[in-house]
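Here's a quick briefing on how a protein meets a DNA strand in a model. Have a look at the structure first, then read on.

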There are 2 protein chains.
Amino acid sequence: MHGIRSRCEICPVRNCGLCASLDDQALLALSKFSRRKTLKPHEVIFHEGDISSHYFSVMAGAIKLVKNLADGHQHIIGLIYSPGFAGQCLNSHHTYSAEAATEVELCSYSREPFDIFEKAHPELEHKIFEITVRELDTCRDWMLLLGRKCSYERVAGFLLMMADRLFETGAASPNKNYAHFQLPFTRLEIADYLGLTLETVSRQFSLLKQEKIIALPSSRDVVIADLQLLGAIANIETCSNSVRFDETRLSA
Amino acid sequence: MHGIRSRCEICPVRNCGLCASLDDQALLALSKFSRRKTLKPHEVIFHEGDISSHYFSVMAGAIKLVKNLADGHQHIIGLIYSPGFAGQCLNSHHTYSAEAATEVELCSYSREPFDIFEKAHPELEHKIFEITVRELDTCRDWMLLLGRKCSYERVAGFLLMMADRLFETGAASPNKNYAHFQLPFTRLEIADYLGLTLETVSRQFSLLKQEKIIALPSSRDVVIADLQLLGAIANIETCSNSVRFDETRLSA
DNA sequence: CGGCCAGTTGACGGACCTCAACTGTAGTGG
DNA sequence: CCACTACAGTTGAGGTCCGTCAACTGGCCG
């Protein structure tokens, strides 16, 4: 019991995740049906179609939400970073899969006791509600990207999102015009997130590099040299309106 | 006072919308800062960037959520039918616009009193939470459509969604293999919803018609002749894998 | 009748996908 | 140490789906 208690006290997301809404006493009760897990990249957390038996808090790292297609391709419909929450709240079955995108630390909660606990703690449900609303907002932004933007803009949007992560976590200063980070994804994963192929993603990386908007010391090592310009590209309204340097021009 | 009370009592969504979570007394309190509105198609409910001052219940008809692009194009990121809910719950400003898709009856609530009221009525927040979770689910399905499906599949998916509406509202029997309904949207609106152009939408309608999967007595009057087949097309995993009849084949 | 708008259909070009060859890096084993 | 494999990533060639532009049809209304 004491062990559980102290486990939560040193939790990295005690004050910013789900649990931030709970006092110590409630947290202790919650911890009784929670379990900590560490996963390696690509380990499956739950699978599309499975019965939803647990909820998950992301304490460190990131997980990806995936819809699988019959031909082996997949589409990534969401990324959840720490502090984050995943799980099917109303359905009995999962409508998508989840797997570790990086090395991940999770806190898993058995669904039934959690649901009961949640009813007794409206502040917890409110917290999950907040998370869901934000998720819906980013999901709708992504719909615009998938529905209306060309590959160049999509990749720019993706890199911008990655850079924003740095600022959110305080790992970089938002008023600077550059950013530097390690990509935790392969070109294929990025493609599956952007609705493109890995070749197209690679080409757009190369273009951005040639335009000196980014630099690639190695393929996973991204330096954004001009964040403002990248932002302008990502928000360009239509592809044809944008003045951009494509392969035909470069080869001319 | 009595007028307001009786107004809610005859409300078509009293027992299925937001208010279904409330007893008569709470409903009376809510009605004090609510107002009923009727809008014609294309009337704007709120605009992207505006301060969010109201929430809305959709009592009859449908509204569309829209992101506008600089070039005059727009992308429809969601449709909300009765009974439904719209409004920006956490942000101070709207991140998208909303307008009447059909003739619409709304119930609008001033945001500040509603937020206070909601805190005192967890069952209301729970209801909104439920609606948000479902919205997120359909949003993620739509991401798959936008990211991975070809125009033929998208249009099939759209028509299927329209048909599902009939079954949900009880206007048709779900075990039948056909459906018949009036489209409340122009080809352009459908295109803006599917991330296509109106010409492409029109072509796919024509293809489906030639395949005798649908019939079009008039352009807005859709008869789905083979719902199962339409469903199979909509869920086809990749475009290239699908055996479908395209223009090249038809012209051969 | 003419004007207007929604919708259809055709011709053409371009962006992206497919297939394929190649490079670079890391790991394994002789 | 080098050969060999395996895999991520890059780059090229060619084809196709869909967007663009344009002409045409049909219904509606003054």
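What follows covers the surface around one DNA strand, then the model's confidence.

This is a predicted model, where local features need pLDDT of at least 70, side-chain atom pairs count only at pLDDT 80 or more, and totals for chains, interfaces and linings use all residues. Residues are numbered from 1 along each chain as its sequence is written, chains are lettered from A and ligands numbered from 1 in the order in which they are written, and side-chain values use heavy atoms, with hydrogens and water left out.

**Around DNA strand D**
- There are 17 residues around DNA strand D, and the nearest include S202(A), R220(A) and T200(B) (near means a heavy atom within 4 Å).
- By class, that surface has eight polar, six charged and three nonpolar residues (Ala, Val, Leu, Ile, Met, Phe, Trp, Tyr, Cys and Pro are nonpolar, Asp, Glu, Lys and Arg charged, the others, Gly among them, polar).
- Sugar or phosphate accounts for 64% of the strand D atoms within 4 Å of the protein, and bases for the rest.

**Phosphate contacts**
- S202(A) puts a polar side-chain atom 2.5 Å from a phosphate oxygen of DNA strand D.
- For R220(A), a side-chain N or O atom sits 2.7 Å from a phosphate oxygen of the strand.
- R187(A) uses a polar backbone atom instead, at 2.8 Å from a phosphate oxygen of DNA strand D.

**Confidence**
- Chain A averages a pLDDT of 88, with 90% of the residues at 70 or higher (pLDDT is the predictor's confidence in each residue, from 0 to 100).

Key
Polar contact = N/O pair within 3.5 Å; in protein donor to acceptor, adjacent residues only side chain to side chain.
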